[in-house]
Amino acid sequence: MSKKANYSYVGIAFIILVFGIIVVPKIINRISSNDITRDESRSKEVSSKSKAVKSDLAYIYNADGSKKKVPAFSFTNQNGETISNTDYLGKVYVVEFFFTTCPTICPRMNRNLVEIQNEFKDFKDFGVASFTITPDIDTPEVLRAYADKYGIVNPNWNLLTGDEESIYKLANDGFYLYTAKNDEIIDGFEHSGNFALIDKEGYIRSRLKSPDNPLIYYNGIISEEEGVDDEGIPQEITILKEDIAKLLKE
C-alpha cells in the first residue's frame, strides 16, 4: 500500500475522531434535554397540518368600510346566567331572533337549529344565541322549559332575555334582522326568519352568491328535508352547515 493511501486513511480517521469529540456530545446533550425526539423529522409536516386555514367566506361591511361585528350585548339566559358577546369570542355561532309563543316560523327555525346543534355536537367551540323578542313573557324559567321541549343541550346555546328596547335595537340596528310589533298579524309580532353566522372573532360572515354579492344571512325556516318551500325557494340549512364547518377550521 502506498504512502499516499496511508495518508488518506489517517485523514479520514482524524475527521471521525474530531466528529466524535465535538459533535456526538452535543447530540447526546440535546437528547437528554428533550430537544430531539423520534418525530423531529416529521414535526414541520404535522404542525403545518394543524394550523388554522382561512376560509373563503366573505365578511360583511358597514357603510364606512369597516367589517361588521356583533355589537356589545348582555342578557340573561335560560339558566339565569348573564351572557354577553364576549362569552362567544373564540366560538363560531348562529344568531336568531324568536319568541316562545310564536305559532308560525319559530318552531321551524328552532327545529332546524337543533338539527345543526346535533351535527356539531362534538365541537366545544360551536354555539347559538337565540334572542327572544317577547322578554316580558319569556323569562329564564319559560326559556328553560322551551329548551327542554326542543332538545336544546349544547352548553353554548343561550336563549336570551332582557330589556326589550335593547333586544329590538340589537336586531334592527346591530344585525339588520327586522323585528317589530304588529297587532294586525296572527301573533302580534313580525321578525326575520333568517340566521346570522358569526366567526370566532365576532364578525358576521357568509358565502358569496357572486364575486361582489354576499349572501349575508341564511334562510332558517325551510328544512333540509323539505328542500324547497311552496314558492320554490330552496333551503339553506345545508350550506349553513358547510359554512359553519369552514369557520370552525379557521
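**Reading strand E9 and its partners**

User: Before we zoom in, how many helices and strands does the chain have?

Analyst: Happy to start there. This is a predicted model, and its chain holds six helices and 13 strands. Buried residues account for 41% of the 250 residues.

User: How should I read the contacts along the chain, and what share join residues at least 24 apart?

Analyst: Look at how far apart in sequence the two partners lie. Here, among contacts between residues at least 6 apart, 69% link residues at least 24 apart.

User: Let's take strand E9. Is it mostly covered or mostly open?

Analyst: For burial, go residue by residue; buried means under 20% relative accessible area. E9 spans residues 194-198, and four of its five residues are buried, making the strand mostly covered.

User: Which strands pair with E9, and in which sense?

Analyst: For pairing, look for bridges and then for direction. Strand E4 (residues 92-98) pairs with E9 in the antiparallel sense over three bridges; there, Tyr-93 has Ile-198 of E9 as its bridge partner. Strand E13 (residues 218-219) is also antiparallel to E9, with two bridges, and Phe-195 is matched with Tyr-218 in E13. Strand E10 (residues 204-206) runs antiparallel to E9 too, joined by two bridges, with Leu-197 opposite Arg-205 in E10.

User: What lies between E9 and E10, and which turn residue has a positive phi?

Analyst: Follow the chain from one strand into the other. E9 and E10 form a hairpin with five residues between them. In that turn, Gly-202 has a positive phi of about 90 degrees.

Notes:
Residues numbered from 1 in each chain as written. Predicted model: local features only at pLDDT ≥ 70, side-chain atom pairs only at ≥ 80, totals over all residues. Heavy atoms only, no water. Buried < 20%, exposed > 50% of the residue type's maximum accessible area, 1.4 Å probe, protein only. Contact = heavy atoms within 4.5 Å. Pairing = 2+ DSSP bridges.
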